[in-house]
Amino acid sequence: MNEGHDDRRIARAQVTRTAEDLRLALEFTEETCPRAYCWWWHSVNFDWEISVERGCKFRSLEELPDGHSRKGDCSRWNRCSSVDHYEPREPYLIADGIDGSKMRS
C-alpha cells in the first residue's frame, strides 16, 4: 500500500469543519479539487491557503497505484484533461454529510 493511502487503516481523525468550510465544500464540482475529501490531499483539513499543486501528494509518490500513470498532475479542474487521480476519502464525506457523487471522476 502506498503512503498516500496509509491513513485508510487508521480510525477517522476528529475534524471540526467550520460553517465556511462546509459552504465551500458544497460548491465542489467534478472539476474542483476536493482537497480534504481526496486521499491524496496532504491532510484531512481543507487548508484553503495552500495551492492545489502544493497540497496534492500524488506527484510525490515513488510507486503509483494500479490504474494511474505519470502522464501529468491531476487536472480534474481542466475539462480538456483526462488526468484525474481523485480517490474519495469517504469516511470524511459521510461524516460531513457531503454527497461525493458529484466529485466522481
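**Exercise 1. In which helix is Ile-94 found?**

Before we start, a note on the model: it is predicted, so local features need pLDDT of at least 70 and side-chain atom pairs count only at pLDDT 80 or more, while totals for chains, interfaces and linings use all residues. Residues are numbered from 1 along each chain as its sequence is written, and side-chain values use heavy atoms, with hydrogens and water left out.

Step 1. Look at residues 90-95: that's helix H3, and Ile-94 is found there. Helices here are DSSP runs of H or I with at least four residues, strands are E runs of at least two, and both are numbered from the N terminus.

Step 2. Check the surface. Ile-94 comes out as exposed, at 67% relative accessibility. The cut-offs are under 20% relative accessible area for buried, over 50% for exposed, and partly exposed in between (1.4 Å probe, protein chains only).

Step 3. Now find Tyr-37. It sits 57 residues from Ile-94 in sequence, yet their C-alpha atoms are 9.9 Å apart.

**Exercise 2. Work out the overall make-up of the chain and how confident the predictor is.**

Step 1. Count the elements: the chain has three helices and zero strands.

Step 2. Take the confidence. pLDDT is the predictor's confidence in each residue, from 0 to 100. The chain averages 77, and 67% of the residues score at least 70. Among the elements, H1 has the highest mean (93) and H2 the lowest (87).

Step 3. Find the weak stretch. Over residues 1-10 the pLDDT stays under 50, and the model has 18 contacts beyond four places in sequence for them. A contact means heavy atoms within 4.5 Å.

Step 4. Add the burial: 43% of the 105 residues count as buried.

**Exercise 3. Track down the salt bridges and say where their partners sit.**

Step 1. Set the rule: a side-chain nitrogen of Lys or Arg has to be within 4 Å of a carboxyl oxygen of Asp or Glu. The structure holds three such pairs.

Step 2. Start with Arg-17 and Asp-96, whose side chains meet at 2.6 Å, N to O. This pair links distant parts of the chain, with Arg-17 in the segment before H1 and Asp-96 in the segment after H3, 79 residues apart. Both partners are buried.

Step 3. Move to Arg-23. Its side chain meets that of Glu-20 at 2.8 Å, N to O. The two are about one helical turn apart, because they are three residues apart in helix H1.

Step 4. Arg-23 also forms a salt bridge with Glu-27, the closest N and O atoms being 2.7 Å apart. Shared partners join Glu-20, Arg-23 and Glu-27 into one network. Arg-23 is partly exposed at 40%, as is Glu-20 at 41%, and Glu-27 is partly exposed at 48%.

**Exercise 4. Decide whether the cysteines pair up, then hunt for positive phi angles.**

Step 1. Search for disulfides, meaning pairs of cysteine sulfur atoms within 2.5 Å. The whole structure gives zero. For Cys-33, the nearest cysteine sulfur is that of Cys-56, 6.3 Å away.

Step 2. Check their burial: Cys-33 is buried at 13%, and Cys-56 is buried at 18%.

Step 3. Turn to the backbone. Arg-35 isn't a glycine, but has a positive phi of about 50°. Asp-47 isn't a glycine either, and its phi is also positive at about 50°.

Step 4. Place them. Arg-35 lies in the loop between H1 (19-25) and H2 (52-55), and Asp-47 is in the loop between H1 and H2. Arg-35 is buried at 9%, and Asp-47 is buried at 17%.
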